[in-house]
Amino acid sequence: MCIFACYLFDMIDMQNGLPERCDFSAEDREFMQMAIDLSVENIDSGGGPFGTVIVRDGKLIAKGANRVVPNNDPTAHAEVVAIRNACRELQTFDLSGCTV
Ligand SMILES: [Zn+2]
């Protein structure tokens with residue numbers, strides 16, 4: 001959550017990559033960049049510019065991209081898609097220990 005908040009706070013710097021003034025770890029930066037890339041790529045397939053990755057113990061668990069318009073599904077926000085994918089991947093509804 002902290003990463004997301006910092007990211008939103010510095011969104012204006014998006015063209016220059018991740019903001020420098022937040023204390024991201026190298027791993028945070030890698031996964032945050034993955035979410036940014038996902039959001040950019042998603043535009044080409046008709047989705048909104050939103051991407052989410054879910055990580056646990058330094059390992060990518062699932063990805064999700066916004067599919068609201070192409071799927072006519074108002075619940076298909078990137079984070080919801082990623083949560084659904086993570087639960088399917090882990091075979092549980094409990095995502096304790098995961099970071100979005
Ligand atoms: Zn959302």
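**Group meeting talk: a walk through a predicted chain**

Okay, so the secondary structure of this chain comes to three helices and three strands. Those names come from DSSP runs, numbered from the N terminus: H or I over at least four residues for a helix, E over at least two for a strand. Starting at the N terminus, the elements go α-α-β-β-α-β.

Before we go on, this is a predicted model, so local features need pLDDT of at least 70, side-chain atom pairs count only at pLDDT 80 or more, and totals for chains, interfaces and linings use all residues. Residues are numbered from 1 along each chain as its sequence is written.

How confident is the predictor? pLDDT is its confidence in each residue, from 0 to 100. The chain averages a pLDDT of 86, and 79% of the residues score at least 70. Over residues 1-12, though, the pLDDT is below 50, and beyond near neighbours in sequence that stretch has eight contacts in the model. By contact I mean two residues whose C-beta atoms, placed from the backbone, lie within 7 Å. Where pLDDT is low, the predicted coordinates should not be read in detail.

Now the sheet. Three strands form an open sheet in the order β2-β1-β3, with antiparallel pairing. β2 and β3 (98-99) are the edge strands, each pairing on one side only. Two strands pair here if DSSP finds at least two bridges between them. β1 and β2 (residues 59-65) have six bridges, and one of the partnerships is G51 with A65 in β2. β1 and β3 have two bridges, and R56 has C98 as its bridge partner in β3. In the hairpin of β1 and β2 there are two residues between the strands, and D57 takes a positive phi near 50°.

Next, the helix α2. It lies across β1 and β2, running at about 150° to β1. For angles like that, axes are lines fitted to C-alpha atoms, for helices over the stretch in contact, and the angle runs from 0 to 180 degrees between N-to-C directions.

Which residues of α2 are buried? They are M32, A35, L38 and N42. These four cover an arc of only 110° around the axis, so they sit on the same side of α2. That arc is taken over the directions from the helix axis to the C-beta atoms. An α-helix has 3.6 residues a turn, so residues three or four places apart point the same way. On the other side of α2, A26, D37, V40 and D44 are exposed. The cut-offs: buried needs 20 or more other C-beta atoms within 10 Å of the residue's own, exposed means 12 or fewer, partly exposed is in between, and C-beta atoms are placed from the backbone.

Just past the helix, S45 is in the loop between α2 (26-44) and β1 (51-56). Why does S45 count as exposed? Because S45 has 9 C-beta neighbours inside 10 Å. After α2 comes G46, with a positive phi near 90°.

Last stop, α3 (residues 78-90), which lies across β1, β2 and β3 and runs at about 135° to β2. Its buried residues are A78, V81, A82 and A86. They cover an arc of only 135° around the axis, so they too are on the same side of their helix, α3. β1, β2 and β3 are among what covers them. After α3 comes Q91, with a positive phi near 60°.

Notes
pLDDT = per-residue confidence, 0-100.
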